[in-house]
Amino acid sequence: MNEILFPKMHEIPIFRISTMMFTHESDYFIFGNESDITILTTCDFQLAYTLCGHTEWVRSLALSPDGTKLASGSYDKSVIIWDWNSKN
């Protein structure tokens, strides 16, 4: 599997990314990694939220057309529907 390495602005750590997307308004950058979903602000790439719930790599992400739900799929064979407004 090809992985994209994404340097976090102003810091040295490298994120291993398996899937990524922007929100409809492009105000957040969302990516899946080993078992979490990391959400960064697009204006300064600062950590906004981390969603935990999968036990293996997050493989896919999708935001509902109305922007209220975020779906994530994982190699752990689960799909989680997150309430985007409350980020949980």
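Start by selecting Tyr-49, which is partly exposed, with a relative accessible area of 32%; buried means under 20% relative accessible area, exposed over 50%, and partly exposed in between (1.4 Å probe, protein chains only). Before you go on: this is a predicted model, where local features need pLDDT of at least 70, side-chain atom pairs count only at pLDDT 80 or more, and totals for chains, interfaces and linings use all residues. Residues are numbered from 1 along each chain as its sequence is written, and side-chain values use heavy atoms, with hydrogens and water left out.

**Stop one: the rings**

Searching the whole structure turns up five aromatic pairs. Rings of Phe, Tyr and Trp (its six-membered ring) pair if their centres lie within 6.5 Å; planes under 30 degrees apart count as stacked, over 60 as edge-to-face and the rest as tilted. Add Tyr-28 to your selection: its ring centre is 6.1 Å from that of Tyr-49, and the planes sit at 55 degrees, so this pair is tilted. Tyr-28 is in strand S4 and Tyr-49 in strand S6 (residues 47-52), 21 residues apart. Strands here are DSSP runs (E, at least two residues), numbered from the N terminus.

Tyr-28 itself is buried, at 18%. Now pick Trp-84, which makes an edge-to-face pair with Tyr-28: 5.7 Å centre to centre, 80 degrees between the planes. That one spans 56 residues, with Trp-84 in the segment after S9. Is Trp-84 buried or exposed? At 8% relative accessibility, Trp-84 is buried.

**Stop two: the cores**

Next, select Ile-30, Ile-37, Ile-39, Leu-70 and Trp-84, the residues with the most contacts inside the largest nonpolar core, which has 13 residues. Such a core is a set of buried Ala, Val, Leu, Ile, Met, Phe, Trp, Tyr and Cys residues joined through side-chain atoms within 4.5 Å. S7 gives the most to this core, three residues. Another core, of five residues, lies apart from it; among its members are Ile-17, Phe-31, Leu-40 and Phe-45.

**Stop three: a sheet**

Move to the open sheet of three strands, ordered S7-S8-S9 with antiparallel pairing; two strands pair if DSSP finds at least two bridges between them. Its edge strands are S7 (58-63) and S9 (79-83). Strand S8 (residues 69-74) pairs with S9 over five bridges. To see one of the partners, click Lys-69 and look across to Asp-83 in S9.

**Last stop: the cysteines**

Finish with Cys-43, exposed at 71% relative accessibility, and Cys-52, exposed at 52%. How many disulfides are there? Zero, where a disulfide is a pair of cysteine sulfur atoms within 2.5 Å.

Key: Helices (H or I, at least four residues) and strands (E, at least two) are DSSP runs, numbered from the N terminus.
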